[in-house]
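Colleague: I should like to go through the strand and helix terms used for this model. Please set out the grounds for each one.

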Amino acid sequence: MKTKMKPEFDKLTHTEYVKEFKRLAKMAETQALGEENAVTFFVKRMHKFACGTEAPLMLLAKMDANWKKQAKEELKGDKKMILIAKAHLTAGENGNVLELSPMKGNAPLAKIAKEGKVLLKKAKFSLAKAGEAIVAAAEAAAEGAEEASEGEEKEESKIEGSSVAEASTTIDPQLEKKKAKGREVMAKMLENLQKIEAKLKK
């Protein structure tokens with residue numbers, strides 16, 4: 001899973017970069033699935049492309065010697081703008097999660113996710129620190145169930161002067177499905193988390 005991009009990416013336009021990023025993201029779905037197939041994730045939070053566009057530059061690939069040399073050069077600048085991590089995809093209930101094990105650089109994951117939101121959406125995966133993906137997924141599922149529950153309460157509060165029986169018949173079946181799905185996902189995620197914790201204790 002190697003990139004066609006050259007380490008001297010000063011001549012690279014943003015359009016060319018996005019095309020290559022999408023190609024690598026697609027390859028990652030099969031070639032970077034699971035910890036045993038981890039590749040390098042290189043991030044420069046803000047890069048000025050040859051076309052004048054300033055945007056995040058993220059690379060998910062197996063780095064050759066030239067790329068490793070370039071990454072070291074980038075680290076000599078502001079470390080808060082750079083992140084180099086080992087990464088692999090994990091299939092989740094709500095899409096793929098790119099699990100990261102940071103190695104060098106101090107770029108905050110939350111800022112990378114926010115600044116690279118458009119690219120990550122195109123890649124169809126979210127970011128999480130290794131080991132935290134299941135927790136994040138469980139929290140997202142719980143949040144979804146909570147939102148569904150709040151929506152149900154609002155729906156019920158609109159009904160005035162009706163009996164309890166009549167009010168219960170007006171509950172949106174979609175909200176009920178979301179709640180059930182949320183509980184199901186939460187249970188599954190917590191079960192997986194317990195398995196991981198058991199492995200770590202060994």
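The exchange below concerns the sheet of this predicted model and the helix that packs on the sheet.

Colleague: What makes strand E2 mostly covered?

Modeller: Seven of the eight residues in E2 (residues 54–61) are buried. Buried means under 20% relative accessible area, so those seven residues fall below that cut-off.

Colleague: How do you know that strand E1 pairs with E2?

Modeller: Two strands pair if at least two bridges are found between them. Seven bridges join E1 (residues 39–48) to E2, so the two strands count as paired. They run antiparallel, and Lys 48 stands opposite Glu 54 in E2. Five residues lie between the strands of this hairpin, where Gly 52 takes a positive phi near 100°.

Colleague: Why is the pairing of the five-strand sheet called mixed?

Modeller: The open sheet has the order E2-E1-E3-E4-E5. E1 and E2 run antiparallel, whereas strand E4 (residues 95–104) and E5 run parallel. E4 and E5 are joined by five bridges, which therefore meets the requirement of at least two. In E5, Ala 128 stands opposite Glu 99.

Colleague: What makes E2 and E5 the edge strands?

Modeller: E2 and E5 (125–129) each pair on one side only. From one strand to the next, the twist averages 35°.

Colleague: How do you know that helix H1 packs on the sheet?

Modeller: H1 (residues 14–31) touches E2, strand E3 (82–92), E4 and E5. Contact means heavy atoms within 4.5 Å, so H1 meets that cut-off with each of these strands. The direction of H1 makes about 30° with that of E2.

How values were computed:
Residues numbered from 1 in each chain as written. Predicted model: local features only at pLDDT ≥ 70, side-chain atom pairs only at ≥ 80, totals over all residues. Heavy atoms only, no water. Buried < 20%, exposed > 50% of the residue type's maximum accessible area, 1.4 Å probe, protein only. Helix = DSSP H or I, 4+ residues; strand = E, 2+ residues; numbered from the N terminus. Axes fitted to C-alpha atoms, helices over the stretch in contact; angles between N-to-C directions.
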